[in-house]
Amino acid sequence: MHSHVTHADLVTFAVKRVNVPSATAKSRRTQVAHLRSRLEAYIADHPDYNLVKMRGSGSVAKHTAINSSSDTDIAAYVRAAAVGGVDVDETKLLEWLRDRCIEVYGATKEASDFEISHHAVGITMHGTGLKIDVAPVLYEGEPDDRGHLVTQTGDRVLTSVTLHKEFLNKRRAVAGPEYREFIRLVKAFVHRAKLEAAASGPELRFKSFLVELIVAHLWDNGWLSKPFAIKDYPRAFEQFFAYIVMTELKEPIVFTDYYQASEVDICVDAVQVWDPVNPSNNVTKGYSESDRLRLVQRCSEALDKVNTASSATNKTAAVTAWKSLFGPTFPGA
């Protein structure tokens with residue numbers, strides 16, 4: 001029973017310290033919409049243009065961004081045949097995309113505002129300082145905005161940013177606004193945990209998409225015969241961490257929104273969490289056994305602290321336990 005640090009306390013912390021302020025979020029979405037409208041106007045004047053469309057992607061588009069992140073992601077759909085096919089060299093692809101972005105937006109921006117970064121072309125927006133990362137998607141006309149993304153390992157993975165948003169929004173529509181806010185709170189924990197790991201030892205691998213998929217799995221299935229407590233954040237954190245600790249992330253996570261479970265590839269990867277829109281894409285494919293053990297251990301430590309807060313005899317002790325998850329700004333006063 002969490003009587004000293006309650007759901008309301010975590011809501012207050014989320015509002016003050018974790019959530020992106022509504023004005024900032026609106027500004028980001030407005031600038032993304034502006035880029036999309038400029039491209040659509042350009043395509044209307046150049047019907048055979050090989051930069052086909054743009055779609056908002058990542059945490060900003062899904063409303064799961066936290067205030068420690070200042071970047072916004074866009075997926076730019078590139079006609080694959082125009083750049084040498086799906087197997088095109090990524091360096092050449094990014095150079096091509098940068099040049100196309102300059103063609104579309106360069107009349108009102110400096111060439112230095114377009115910079116090739118890791119797997120994307122960064123566009124700096126003056127006035128707000130917002131950096132929009134435009135990531136190429138190799139497009140061959142598939143429905144539902146399906147296209148091939150280039151992963152960090154250089155693989156081409158068929159996926160859909162549009163279906164990913166639909167996947168999350170279907171659950172949020174039933175669960176309520178707490179669904180996305182809880183994801184943001186977990187991401188805030190992960191952000192701090194990664195900083196702590198970087199200061200003391202090996203990297204903690206815990207990607208944002210993995211957070212979203214574990215939350216979705218718990219929402220769909222509950223935990224230990226109990227529904228996922230999305231309206232009670234302290235209890236939801238107990239369930240989230242207990243799931244990771246008790247399963248040790250050895251059990252595959254599979255969704256059947258867009259394919260059958262029988263379609264999932266057979267593999268021996270250390271962690272298996274499958275892309276909801278592609279049964280051949282394990283989103284944790286690159287996680288080693290050491291990565292799995294390190295992630296489970298960090299969540300075990302976090303679960304101990306949540307349990308300590310639950311049994312605390314006073315608020316000071318409970319707050320101290322939660323600070324081990326979120327840092328000294330908790331409870332966000």
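## A buried asparagine in a loop

Setting aside the neighbours up to four places away in sequence, Asn 281 is in contact with Val 157, Val 273, Trp 274 and Asp 275. This model is a predicted one, and Asn 281 makes a good starting point for a walk through it. The residue sits in the loop that links α8 (233-247) to α9 (289-311). Is Asn 281 buried or exposed? Its relative accessible area is 14%, and the cut-off for buried is under 20%, so Asn 281 counts as buried.

## Three strands side by side

Next, let's look at some strands. Strand β3 (residues 114-117) and β4 run antiparallel and are joined by four bridges. One pairing to look for is Phe 114, whose bridge partner in β4 is Ile 123. The hairpin of β3 and β4 has two residues between the strands, and His 119 there has a positive phi near 65 degrees.

On to the next pairing: β4 also pairs with strand β5 (residues 131-139), again in the antiparallel sense and over four bridges. Here Val 121 has Val 134 of β5 as its bridge partner. How many residues of β4 (residues 120-124) are buried? Four of the five are, so the strand is largely enclosed by the rest of the structure.

## A helix that fits its expected length

Helix α5 covers residues 161-175. At 1.5 Å a residue, its 15 residues should span 21 Å, and the C-alpha atoms at its two ends are indeed 21 Å apart, so the two values agree.

Which residues of α5 are buried? They are Val 161, Leu 163, His 164, Phe 167, Leu 168, Arg 171 and Ala 175. It helps to remember that an α-helix has 3.6 residues a turn, so residues three or four places apart point the same way. Just after α5 comes Gly 176, with a positive phi near 100 degrees.

## Two helix crossings

Two packed helices can be described by the angle between their axes and the distance between the axes. Take helix α6 (residues 178-200) and helix α10 (residues 315-326): they pack at an angle of about 75 degrees, and their axes are 7 Å apart. Angles of 65 to 115 degrees count as roughly perpendicular, and α6 and α10 are therefore roughly perpendicular to each other. On the α6 side, the contact is made by Leu 185, Ala 188, Phe 189, Arg 192 and Glu 196, while α10 brings Lys 323, Ser 324, Leu 325 and Phe 326. Sorted by type, the residues of this contact are five nonpolar, one polar and three charged.

The other crossing involves helix α1 (residues 7-18) and α8, whose axes come within 7 Å and cross at roughly 85 degrees. These two helices are therefore also roughly perpendicular to each other. His 7, Leu 10 and Val 11 of α1 meet Tyr 233, Pro 234 and Phe 237 of α8. What types of residue make up this contact? It divides into five nonpolar, one polar and no charged.

## An alanine just ahead of α8

Our last stop is Ala 229, found in the loop between α7 (208-221) and α8. With a relative accessible area of 17%, Ala 229 is buried. Not counting residues up to four places away in sequence, Ala 229 touches Arg 235, Ala 236 and Gln 239.

How far apart are the C-alpha atoms of Ala 229 and Arg 156? They are separated by 37 Å, with the two residues 73 residues apart along the chain.

Key: Residues are numbered from 1 along each chain as its sequence is written. This is a predicted model: local features need pLDDT of at least 70, side-chain atom pairs count only at pLDDT 80 or more; totals for chains, interfaces and linings use all residues. Side-chain values use heavy atoms; hydrogens and water are left out. Axes are lines fitted to C-alpha atoms, for helices over the stretch in contact, and angles run from 0 to 180 degrees between N-to-C directions. Angles under 35 degrees count as roughly parallel, over 145 as roughly antiparallel, 65 to 115 as roughly perpendicular and the rest as oblique. Contact means heavy atoms within 4.5 Å. Ala, Val, Leu, Ile, Met, Phe, Trp, Tyr, Cys and Pro count as nonpolar, Asp, Glu, Lys and Arg as charged, and the others, Gly among them, as polar. Buried means under 20% relative accessible area, exposed over 50%, partly exposed in between (1.4 Å probe, protein chains only). Two strands pair if DSSP finds at least two bridges between them. The expected span of a helix is 1.5 Å times one less than its number of residues.
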